[in-house]
Amino acid sequence: MKLTGLLLALMLLFPAFLQAKSPEQVKSAFLFQIAKFVEFPKVNNKQAVTFCFYDVEHGIGELLKDNSNLKINDIPIETVLIDKKQQISELSRFCDITYIDEIMEDDIIPLWIDTISLNTLTVGESINFLEKGGVVSLVQEGNKIRLYINKQQLLRSSFKVQSRLLAVSKFHPN
């Protein structure tokens, strides 16, 4: 019931979701909507909600980059390409949300597992990502995308997630 409400809100607030044909388009819509339910700490008086990607030429990074006119609570979004070698602690200076697709997880996670930032919402695509310290994961199960949250990491973070998002999420580990 609650998931239906979130999906209805997604469709009303993000019309492109209605036309989504690929998992990347659905994940892009989810990622954008997730950002609406997160209150990030004010860092350096930033004027945009910054989404960081390891690839902005393909997939979710490309989709959000191509829709850079979108706003979250009247604040524009910005997409940033980041380097694999950057530590996640460095990213917290300019990234509100860092997205790591499943293909990159094995390359990226070992580099930042011990330096996870409390300011950056890390989003991945697998349960393994959550087990390694990620906060949110958009897991494809059959033809559906499920939102999972690592509650332990969320409790350590310096950003706040609204209860409406928590209500439609699954938690790992339970």
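Select Thr98 first, in this predicted model: the residue belongs to strand β5, and with a relative accessible area of 0% it falls under the 20% limit, so Thr98 is buried. If you then add Gly134 to the selection and draw a line between the two C-alpha atoms, the separation is 10.0 Å, for residues that stand 36 apart along the chain.

From Thr98, step to the next position in the display and select Tyr99, which is placed in strand β5 (residues 97-99). Tyr99 has a relative accessible area of 4% and is therefore buried. Which ring does Tyr99 pair with, and in what geometry? The partner is Phe53, and because the ring centres are 6.1 Å apart while the planes meet at 50°, the pair is classed as tilted, a class that lies between the stacked limit of 30 degrees and the edge-to-face limit of 60. Phe53 sits in strand β2, so that the contact links parts of the chain 46 residues apart. Phe53 is also buried, its relative accessible area being 2%.

Now keep β5 in view and colour its neighbour β6, to which three bridges join it in a parallel arrangement. One place to centre on is Ile97, which stands opposite Leu121 of β6. Following β6 itself (residues 121-124), you will find Leu121 and Val123 pointing one way and Thr122 and Gly124 pointing the other, with all four buried. In a regular strand, side chains alternate between the two faces of the sheet. Beyond β6, select strand β7 (residues 136-141), which pairs with β6 in the parallel sense over two bridges; here Val136 is the bridge partner of Val123.

Return next to the loop between α4 (88-91) and β5, and select Asp96. Is Asp96 buried or exposed? With a relative accessible area of 8%, Asp96 is buried, and its side chain reaches the backbone nitrogen of Thr50 at 2.9 Å.

In that loop, between α4 and β5, select Cys95 as well, together with Cys52 in strand β2. A disulfide joins these two cysteines, with an S to S distance of 1.9 Å, and the count of disulfides comes to one. Displaying the torsion about the S-S bond gives -95°, and the link of Cys52 and Cys95 is left-handed. The disulfide connects distant parts of the chain, since its two cysteines lie 43 residues apart. Cys52, at 0% relative accessibility, counts as buried, and Cys95 counts as buried at 1%.

How many aromatic pairs does a search of the whole structure find? The search finds two, and, besides the rings of Phe53 and Tyr99, you should select Phe40 and Phe159, which form a tilted pair with 6.1 Å from centre to centre and 50° between the planes. Phe40 lies in the loop between β1 (38-39) and β2 (49-53), whereas Phe159 lies in the loop between α7 (151-156) and β9 (160-161), and the two are 119 residues apart. Both Phe40 and Phe159 are buried.

For the last stop, select Lys151 and Phe171: the charged end of Lys151 sits over the ring of Phe171, at 4.9 Å from the ring centre.

Definitions and conventions: Residues are numbered from 1 along each chain as its sequence is written. This is a predicted model: local features need pLDDT of at least 70, side-chain atom pairs count only at pLDDT 80 or more; totals for chains, interfaces and linings use all residues. Side-chain values use heavy atoms; hydrogens and water are left out. Rings of Phe, Tyr and Trp (its six-membered ring) pair if their centres lie within 6.5 Å; planes under 30 degrees apart count as stacked, over 60 as edge-to-face and the rest as tilted. Buried means under 20% relative accessible area, exposed over 50%, partly exposed in between (1.4 Å probe, protein chains only). A charge sits over a ring if NZ of Lys or CZ of Arg is within 6 Å of the ring centre and within 35 degrees of the ring normal. Two strands pair if DSSP finds at least two bridges between them. A polar contact is a pair of N or O atoms within 3.5 Å; within protein, one must be able to donate a hydrogen and the other to accept it, and residues adjacent in sequence count only if both atoms are side-chain atoms. A disulfide is a pair of cysteine sulfur atoms within 2.5 Å.
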